[in-house]
Amino acid sequence: MKLISEFRKQIDRMGVDNIRQAWFTSFNLSPHFVETYILQALAGQNERMSSIADYEALQQKLLDQDIDIRFVADASAIDPSEPNRTSIPFHVVNPRLLGPALANGVFHPTVMFLRTEDGTTVVGSGSANLTVSGWGRNREVFLFRNIDSAGNRGRVLTFFRRLFEAVGAEFPDLQIPVRDEEDASPDWRFLSSLNGDRLFDFLEEGRGEVLSVWSPYFSEDIVAFKRSFVDPRFGPNVKMVVYPDVVEDAGYVRVRISDKPDVKAKLAAAQGLSFRKMQWPEAGSDVAMTHAKVWQFGQRTAVGSWN
């Protein structure tokens, strides 16, 4: 599992005994995966877990390390058939509690927050949910960044503060020292719709000519999506290139476009919209699906969970 390896590298770099907060968000969540892989990494161990006693020993080690560990997922997406083997908190959030703008959606961010005793903080974000498929079987994208500017510190803390309020948890008073208190030149920016951010506001700054999108899911009437959302922001002459998830052996797009005659006719006549197959270096390997979500326009690239 490549992502687990990268996660362990972050833990090792920060010091397994120094971490005080470890918070995770996900759309769907597998308790078995979290307790077997994520918690073991936080404890600095990599053992075969086969009995309740193994999980009790793991939990005791984490309690001794004094880490505030929390997982937040969409209320509809935690597998109820998987039993919990520890008492680590799994919070579920109803999007209706996050404001009227999100009431008809789902809770979809995949974010990780790691903080040490001295305030050193790493945030991770990408497309991988907290499941075996997300961390071990799919082709995903995930980035880790140090929080080193006042702007990103404020945006990340605001994001988690809203989540804590939504699940009824008390938000701690955290000190996160940064080198750029003036927020003069951050080389990355944390964005979230929970904070009122708009993806297209950020991308529009890229001043490009082609909007490239890597995503396994898209509107079944993507021509209408481009006309309604893309063209008004980037101009009717902008080109949109979509890299969908292609089933390698069969060669077809996993998420099909609508078969309605009017939709097919619009797609056939569409100008400035095309689909391309990405040539992945590990093509033909045992990859369940391409679940990565990346948006690029000119000099702006966004990695996260936006489809």
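Visitor: Let me start with one residue: what stands opposite Ser212 in E12?
Guide: Opposite Ser212, in E12, stands Gln296. Keep in mind that this is a predicted model, where local features need pLDDT of at least 70, side-chain atom pairs count only at 80 or more, and totals for chains, interfaces and linings use all residues. Residues are numbered from 1 along each chain as its sequence is written, and side-chain values use heavy atoms, with hydrogens and water left out.

Visitor: Fine. Which strand is Ser212's end of that pairing, and how do the two strands run?
Guide: That end is strand E7, residues 210-214, and strand E12 covers residues 294-297. E7 and E12 are antiparallel, with four bridges between them. Strands here are DSSP runs of at least two residues (E), helices are runs of at least four (H or I), and both are numbered from the N terminus. Two strands pair if DSSP finds at least two bridges between them.

Visitor: And Gln296, what is its bridge partner in E13?
Guide: In E13, Gln296 has Thr301 as its bridge partner. E12 and E13 are antiparallel as well, with four bridges.

Visitor: What links E12 to E13?
Guide: A hairpin, with two residues between the strands. Gly298 sits in that turn and has a positive phi of about 60°.

Visitor: Zooming out, what sheet do these strands belong to?
Guide: An open sheet of five strands, in the order E11-E8-E7-E12-E13, with mixed pairing. At its edges are strand E11 (273-275) and E13, each pairing on one side only.

Visitor: How does E11 meet E8, parallel or antiparallel?
Guide: Parallel: E11 is joined to strand E8, residues 239-243, by three bridges. For a spot to click on, try Val242 of the chain, which is opposite Phe275 in E11.

Visitor: I can see another sheet too. What is the strand order in the six-strand one?
Guide: That open sheet reads E3-E2-E1-E4-E5-E6, again with mixed pairing. Strand E3 (90-93) and E6 are at the edges with a single partner strand each, so one side of each has no neighbour in the sheet.

Visitor: What does E6 do with E5?
Guide: E5 and E6 pair in the antiparallel sense, over five bridges. One of the matched pairs is Val122 with Asn146 in E6.

Visitor: Where do the side chains of a regular strand point?
Guide: In a regular strand, side chains alternate between the two faces of the sheet.

Visitor: Changing topic: helix H2. Is it mostly covered or mostly open?
Guide: Mostly covered: H2 spans residues 31-43, and 11 of its 13 residues are buried. Buried means under 20% relative accessible area, with a 1.4 Å probe and protein chains only.

Visitor: Which residues of H2 are buried?
Guide: Among them are Phe33, Val34, Ile38, Leu39 and Leu42, and the list also includes Glu35, Thr36 and Gln40.

Visitor: What comes just after H2?
Guide: Gly44, with a positive phi of about 75°.

Visitor: What is the average pLDDT for the chain?
Guide: The average is 89, and 93% of the residues score at least 70. pLDDT is the predictor's confidence in each residue, from 0 to 100.

Visitor: Which elements have the lowest and the highest mean pLDDT?
Guide: Helix H8, residues 261-269, has the lowest mean, 69, while strand E4, residues 111-116, has the highest, 98. Where pLDDT is low, the predicted coordinates should not be read in detail.

Key:
Buried means under 20% relative accessible area, exposed over 50%, partly exposed in between (1.4 Å probe, protein chains only).
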